[in-house]
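This report covers aromatic contacts, strand pairing and an internal cavity. The sequence and model come first.

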Amino acid sequence: MDVDVVVVGAGPTGLMLAGELAQTGVRTVLLERRLEPSEVAKAGGLAGQILQLLHYRGELGRFREASVSATGGRSGATDPEPAPKFPFGGLHLDFSRLDDPPMRALLLPQPRLEAVLAERAVERGATVRRGHEVVGLHQDDQTVTVDVRGPEGPYEVTAQFLVGCDGGRSRVRDLVGIPFRGTSLPEIERLATVTVPDSVTVLDDGGLAVPGVGTIPFGYTATERGVFACSGLGGTMGVYTAEVEATEYDADEPMTVAELSASVRRVLGVDLPLGEPLRMTRFGYSAKQADTYRAGRVFLAGDAAHLFPAGGVAINAGMLDSANLAWKIAGCVHGWAPAGLLDTYSEERRAAAERTLLHTRAQVMLRRAHGPGGDALRALFAELTTDEQPLRRLGALMAGTDAGGPISQGDPLVGIFATDRALHVDRGDPRFAGMLSAGRPVLLDLADRADLRELAGRWGARVGVVRAPKDERPADVLLVLPDSRIAWTAPVDEPGESAVPALQEALTAWFGAPRESRSPVPSSEGDAALSRG
Ligand SMILES: Cc1cc2nc3c(=O)[nH]c(=O)nc-3n(C[C@H](O)[C@H](O)[C@H](O)COP(=O)(O)OP(=O)(O)OC[C@H]3O[C@@H](n4cnc5c(N)ncnc54)[C@H](O)[C@@H]3O)c2cc1C
């Protein structure tokens, strides 16, 4: 065996996975076919539950440091992420109206994000080989062997597991023959931020006044040729078009101002002056999901496993795939994983992707609906989302935190992510920063339950213990998985005689049989301090 795990692809999913695996002591090699990291500005940032997971890992500061301001300059933000006005199917959902917004965003262009993730993976001990393309693989009961074309010729690597994080056209997926079903839209979208040219005036409401054209309202305009949107913001102009056109384009070829200008002309029928480009992206959309994310010792994650037909949430999904899979693979490599643990990855993450497909497919229909019927649909939808509850629900759906999925078993807390709201704590509560820093599960004790902490101690270093007593709590104790989902709870004041055996069952189901020897359990301390076992 050369290594424990081969990860294929150095996009956000593969880099996150390599870092997570290496942190848990898994010998990891990441193979990336490109010689240099891609500089193509795809995603503009991170949004959704992944930000809270990074907070629990104690790493959010590092990502904030690398973030940019709305005009593209370095932001180095240290404050919590702003609650965005997030595009949703031709509308903008205003989460800033909520005091604890379910959807957050950090402006961190994909090349910068990948640089931070690559640095993190290497620091933790992963090996990243660029210029190494996976061209074949075969597996048996014990190992998987990959054929690699490297700068110095072909070679093989043998590992216990392989994870294909190799994007929407995944070679790994094809090599193991997993079907990738769904639809592709013959549509191209273009998105840009440009400086405001002298001839254009940005109006107070974000609309634009253009000589010879008139006023172009803020937000989306659906026409027979597609959808146009603009916004004037902080001295810049955001411009977006979506056109139904079946033309192919080269994703590696950067978009130009001339290309965007021509698209605006086709969709809106006017010549819109555009300033200097600050950010330019273009993309086509597919709604697809792999039939399974596992074939023996081979797994799929990120775009290789799912493609969503609306923007802003794909990286969240891919990085959460990685967080879900890494500790399960680590459990197998270190020999404690219970039977069936690895299968839960595909089941859980496919269910999560189904939820993301649900809202992204709905967004496409909402955005594309043309004429008075489409306008009425959007107006009604916009009206509904001025109410707090539907807005909150949509935000949680977009963030990927709304549903418990396969493990929920009827407990409203089980299966969902441990958001601030679920834990009844203030947004970004510093006491919880770093709660999951070791990448291992944690028994979160909110009620000073020594009986349950002592039991968890029998799993030794496999399970951490965090004590944070608080009066107003959702449960006495929560078992939080390394990807920040809640796997089990002891309801408030549940007696030990039922809570202890229930916790024993949950710990055994997730983390295998306990160790024989007991490890020390943290003693009681002041309420403000978290103690880590
Ligand atoms: C224009 C555009 C804008 C976008 N905007 C957003 C956004 O705002 N928010 C958001 O969340 N998402 C956005 N996305 C989607 C986001 O970019 C993808 O979801 C994300 O890149 C997927 O990450 P990944 O790591 O799964 O795959 P990828 O980023 O595709 O990485 C796959 C890697 O695998 C490598 N590879 C492929 N085959 C092999 C092989 N055989 N051997 C070795 N290496 C291989 C590739 O070179 C590549 O580096 C956007 C996409 C585009 C195109």
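## Cavity

In what follows, Ala, Val, Leu, Ile, Met, Phe, Trp, Tyr, Cys and Pro count as nonpolar, Asp, Glu, Lys and Arg as charged, and the others, Gly among them, as polar. The model is predicted. By that scheme, the lining of the largest cavity divides into four nonpolar, three polar and two charged residues. The residues concerned are Glu20, Gln23, Thr24, Arg57, Ala323, Ala326, Trp327, Gly439 and Pro482.

Two elements, α1 (12-23) and α7 (314-333), give two or more residues to this lining. The most comes from α7, with three residues. The volume of the largest cavity is about 40 Å³. Searching the whole structure finds one cavity of 30 Å³ or more.

## Aromatic pairs

How many aromatic pairs does the structure hold? The count is eight. One of them joins phenylalanine 161 and phenylalanine 299, with 6.2 Å from centre to centre and 55° between the planes, a tilted arrangement. This pair links distant parts of the chain, 138 residues apart: phenylalanine 161 belongs to strand β11 (residues 161-164) and phenylalanine 299 to strand β21 (residues 298-300). Phenylalanine 161 has a relative accessible area of 4%, so it is buried. Phenylalanine 299 also counts as buried, because its relative accessibility is 0%.

Tyrosine 293 and tyrosine 345 make up another tilted pair, at 5.9 Å centre to centre and 55° between the planes. Here too, distant parts of the chain are linked, 52 residues apart. Tyrosine 293 sits in the loop between β19 (277-290) and β20 (294-295), while tyrosine 345 is in helix α8 (residues 341-368). With a relative accessible area of 0%, tyrosine 293 is buried. Tyrosine 345 counts as buried as well, at 0% relative accessibility. Phe161, Tyr293, Phe299 and Tyr345 together form one aromatic cluster.

## Arginines over rings

Which arginine lies over the face of phenylalanine 161? Arginine 297 does, at 5.0 Å from the ring centre. Phenylalanine 161 is thus a member of the aromatic cluster and also has an arginine over its face.

A further arginine, arginine 173, lies over the face of phenylalanine 180, at 3.6 Å from the ring centre.

## Six-stranded sheet

Strands β11 and β21, which hold the two phenylalanines of the first pair described, are also part of an open sheet of six strands. The order is β7-β2-β1-β11-β21-β20, with mixed pairing. In that order, β11 stands next to β21.

Which strands form the edges? They are β7 (127-130) and β20, each of which pairs on one side only. The partner of β20 is β21; two bridges join these strands, and they run antiparallel. Alanine 295 has valine 298, in β21, as its bridge partner.

## Strands β23 and β24

Strand β23 (residues 442-445) and β24 run parallel and are joined by four bridges. Across this pairing, the bridge partner of valine 442 is glycine 464 in β24.

Is strand β24 (residues 464-467) covered on one face or on both? Both faces are covered: Gly464 and Val466 lie on one side, Val465 and Arg467 on the other, and all are buried. Glycine 464 is therefore both a buried residue, under the 20% cut-off for relative accessible area, and the bridge partner of valine 442.

Key: Residues numbered from 1 in each chain as written. Predicted model: local features only at pLDDT ≥ 70, side-chain atom pairs only at ≥ 80, totals over all residues. Heavy atoms only, no water. Phe/Tyr/Trp six-rings, centres within 6.5 Å; stacked < 30°, edge-to-face > 60°. Buried < 20%, exposed > 50% of the residue type's maximum accessible area, 1.4 Å probe, protein only. Lys NZ or Arg CZ within 6 Å of the ring centre and 35° of its normal. 1 Å grid on protein atoms, 1.4 Å probe; cavity = no way out; pocket = protein on both sides within 12 Å on 5 of 7 lines; lining within 4 Å. Points joined across faces, edges and corners; volume = space filled by probe spheres on them. Pairing = 2+ DSSP bridges.
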